[in-house]
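Trainee: Could you take a close look with me at one part of this model, the place where two helices pack against each other, and then show me how that part fits into its surroundings?

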Amino acid sequence: MKLMMPELPTTGKWLPTVPGLEFYQDSGYFYNEMPISYRVSEVIQTKAERDWFDKSRIGIFGEDKQVELLLAIERGTKTHEWFNHKVRGRSYDPTPYQDLCDHLAANPIWENWEVVASEYSMVDPRRNIAGTCDLILRHKTERDRYAVADIKTKGCALGKSGKPIIPGQKNYSAQLGGYINLLNLTWTQLKVEDCFVIYATELMSQIHKDRAGNNKYYWLDCLDTYEGCRKAFFREMEDI
């Protein structure tokens with residue numbers, strides 16, 4: 001399969017979708033009516049991590065773990081739906097997560113970046129991998145500068161000082177690297193050298209920062225991490 005894209009438009013805000021790429025909730029991704037075997041979300045995880053998620057979801061590790069996971073999924077789903085509607089000028093009721101959504105909308109990142117695609121599906125036809133990136137962004141003044149971004153929702157937490165904090169922060173380099181890889185394959189002419197994780201809770205929202213207070217993620221490191229995960233995943237598939 002070969003990826004065939006239209007010309008990148010010189011005007012207009014939104015990136016065109018990938019022709020022939022479809023996603024169905026029950027059966028996954030299809031490209032030109034052919035099924036895509038793998039998703040970015042599974043390529044970046046080990047078998048043990050995938051098994052833990054599946055077992056937690058059906059309650060094998062206890063009801064408390066199951067409820068916690070299902071509530072986190074609901075919170076993330078409603079927030080993503082709300083933001084996806086918002087950037088298209090539509091309304092969506094995210095109850096009971098309106099405060100979280102308001103903080104997300106007030107994040108300072110929007111002072112410099114604008115959304116040019118949301119819930120944007122892409123495909124690597126050679127390796128048979130597809131994925132959907134939460135957001136593709138373009139810098140408001142450096143118009144040839146693009147970024148991928150992923151929204152992560154968390155529960156409320158306060159630090160020792162009593163100020164709100166983002167609890168349980170993880171490293172999402174592989175996920176961001178996967179989206180950068182797919183976007184590079186989709187639109188080879190775009191300069192994608194920025195990537196963000198945008199956290200949101202009912203008390204605050206901020207990008208994922210390092211200890212110095214800077215953006216945690218560097219695009220080349222994310223690509224390297226993803227490529228390492230992809231190699232490990234396909235080695236694992238050979239052993240099954």
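Mentor: Happy to: what follows starts at one helix pair and works outward from there. Keep in mind throughout that this is a predicted model.

Let's begin with helix 5 (residues 173-186) and helix 6 (residues 219-239), whose axes come within 7 Å and cross at roughly 95°. That crossing makes helix 5 roughly perpendicular to helix 6. On the helix 5 side, the contact is made by S173, A174, L176, G177, G178, I180, N181 and N184. Facing them in helix 6 are W219, C222, L223, T225, Y226, C229 and R230. Sorted by class, this contact has eight nonpolar, six polar and one charged residues.

One residue of that contact, C222, deserves a second look. C222 counts as buried, at 1% relative accessibility. Its closest cysteine sulfur is in C195, 3.8 Å away, and a disulfide needs the two sulfurs within 2.5 Å, so this pair is too far apart for a bond. C101 is also buried, with a relative accessible area of 0%. For C101, the closest cysteine sulfur is the one in C156, at 13 Å, which is again too far for a bond. A search of the whole structure finds zero disulfides.

Now for the surroundings. In soluble globular proteins, nonpolar side chains tend to be buried together. Here the largest nonpolar core has 42 residues. Those with the most contacts inside this core are L15, Y120, V123, I136, V148, I180 and C195. Two of these names have come up already: I180 belongs to the helix 5 side of the contact with helix 6, and C195 holds the cysteine sulfur closest to that of C222. The elements that give two or more residues to the core include helix 5, helix 6, strand 5 (113-124), strand 6 (129-139), strand 7 (145-153) and strand 8 (191-200). Helix 5 gives the most, with six residues. As for L15, leaving aside residues up to four places away in sequence, L15 touches L8, V116, A117, Y120, I136, W187 and L190. There is also a second, separate core of 20 residues, and L100, L135, I151 and I207 are among its members.

For comparison, here is another helix pair. The axes of helix 2 (residues 47-57) and helix 3 come within 8 Å and cross at roughly 100°. That makes helix 2 roughly perpendicular to helix 3. F53, S56 and R57 of helix 2 meet Q66, L69, L70 and I73 of helix 3. By class, this contact has four nonpolar, two polar and one charged residues.

Continuing along the chain, the loop between helix 3 (63-86) and helix 4 (98-105) holds Y97. Y97 counts as buried, at 8% relative accessibility. Not counting residues up to four places away in sequence, Y97 touches L71, E74, R75, K78, T79 and E202. P96 lies in that loop too, and a cis peptide bond with omega about 10° joins T95 and P96.

Finally, two backbone angles to check. Most residues other than glycine have a negative phi, and most peptide bonds are trans. E119, in strand 5, has a positive phi of about 50° and is partly exposed, with a relative accessible area of 34%. E33 has a phi near 70°, and E33 sits in the loop between strand 2 and strand 3 (34-35), where E33 counts as exposed at 74% relative accessibility.

Technical notes. Residues numbered from 1 in each chain as written. Predicted model: local features only at pLDDT ≥ 70, side-chain atom pairs only at ≥ 80, totals over all residues. Heavy atoms only, no water. Axes fitted to C-alpha atoms, helices over the stretch in contact; angles between N-to-C directions. Helix = DSSP H or I, 4+ residues; strand = E, 2+ residues; numbered from the N terminus. Parallel < 35°, antiparallel > 145°, perpendicular 65-115°, else oblique. Contact = heavy atoms within 4.5 Å. Nonpolar A, V, L, I, M, F, W, Y, C, P; charged D, E, K, R; others polar. Buried < 20%, exposed > 50% of the residue type's maximum accessible area, 1.4 Å probe, protein only. Core = buried A, V, L, I, M, F, W, Y, C linked by side-chain atoms within 4.5 Å.
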